[in-house]
Amino acid sequence: TMDAFIADHPDDLAVVYYHMYWPGYDPWWADNQTDNGARRTYYAINGVPTCVMNGYKMSSISRAALDHWFNEAMAEPCYMDMSLSGHWNVGAGTGTVTVEYTAEQAQGYDDLELFVGLIENDLYWDGVSAYDWHHFVLRDILTSEHGDALDPYASYPETRYATFNWACDSDWLVAYEEENLLLYAFIQSNG
């Protein structure tokens, strides 16, 4: 259900799977407890799998529920455009990403946070979960694990830029595959 839903909306979602230390050992939790733990705490996740869309914890992960919450989220006005550009140092596992974001008018929130991170697809781990192949696995949050606060805008439209350097950790328990790495960005209100 989730895989088909994600595939149906490739340009509309910032999909990130935060891994936990339960129901048993998880190498991606072990590799990055700080970022995974901060997001677990923020969303008050106490069991897996749990889906959060547009900041709301869903009580069901059925296709009907996913479609409903997606349509609700897409119906909310958003006056922010965002794009990513960057450079990868192929073979070195490093790079730079720049996020360009433009506020067309006031967002209606005073406490916006920018999140930028690195995820990886097609990771194999035969652990205690129902899945052996893992996708959208959080590798690193490039901003603070709580996001980087966006200063209030003085005028509209206004374009801003944020640049981050990133590097894959050579100590990761499950080695990264450069061709499976993806960058993501989203803006979230903490209100």
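Helices (H or I, at least four residues) and strands (E, at least two) are DSSP runs, numbered from the N terminus. This is a predicted model: local features need pLDDT of at least 70, side-chain atom pairs count only at pLDDT 80 or more, and totals for chains, interfaces and linings use all residues. Residues are numbered from 1 along each chain as its sequence is written, and side-chain values use heavy atoms, with hydrogens and water left out.

**Exercise 1. Describe the chain as a whole.**

Step 1. Take the secondary structure. The chain has 4 helices and 11 strands.

Step 2. Judge the compactness. The radius of gyration, taken over C-alpha atoms, is set against the globule rule, 2.2 Å times the number of residues to the power 0.38. The chain has a value of 17 Å, close to the 16 Å that the rule gives for 191 residues, so it is as compact as a globular protein of that length.

Step 3. Add the box. Along the principal axes, the C-alpha atoms fill roughly 50 × 40 × 30 Å.

Step 4. Add burial. Buried means under 20% relative accessible area, exposed over 50%, and partly exposed in between (1.4 Å probe, protein chains only). Of the 191 residues, 39% are buried.

**Exercise 2. Work out the order of the open sheet of 3 strands, and find its edges.**

Step 1. Recall how sheets form. Strands of a sheet pair through backbone hydrogen bonds, either parallel or antiparallel. Here two strands pair if DSSP finds at least two bridges between them.

Step 2. Read the order. It is β3-β4-β10, with antiparallel pairing.

Step 3. Find the edges. β3 (80–89) and β10 (158–167) each have a single partner strand, so one side of each is left without a neighbour in the sheet.

Step 4. Check the pairs. β3 and β4 share 10 bridges. Met 82 has Tyr 101 in β4 as its bridge partner. Strand β4 (residues 94–103) pairs with β10 over 10 bridges. There, Gly 95 is bridged to Trp 166, and Thr 98 stands opposite Thr 163.

Step 5. Look at the turn. The hairpin of β3 and β4 has 4 residues between the strands, and Gly 91 takes a positive phi near 90°.

**Exercise 3. Decide whether Phe 164 and Met 80 are buried or exposed.**

Step 1. Place them. Phe 164 is in strand β10; Met 80 is in strand β3.

Step 2. Apply the cut-off. Phe 164 has 11% relative accessibility and counts as buried. Met 80, at 12%, counts as buried too.

Step 3. Add a distance. Phe 164 and Gly 95 are 69 residues apart along the chain, and their C-alpha atoms are separated by 8.5 Å.

**Exercise 4. Find backbone angles that depart from the usual pattern.**

Step 1. Recall the pattern. Most residues other than glycine have a negative phi, and most peptide bonds are trans.

Step 2. Look for cis bonds. One joins Val 48 and Pro 49, with omega about 0°. Pro 49 lies in the loop between α3 (33–43) and β1 (52–53). The bond from Tyr 156 to Pro 157 is also cis, with omega near -10°. Pro 157 lies in the loop between β9 (148–149) and β10.

Step 3. Look for positive phi. Asp 122 has phi near 60°. Its place is the loop between β5 (112–120) and β6 (123–124), and at 41% relative accessibility Asp 122 counts as partly exposed. Phe 136 has phi near 55°. Its place is the loop between β7 (133–134) and β8 (137–141), and at 18% Phe 136 counts as buried.
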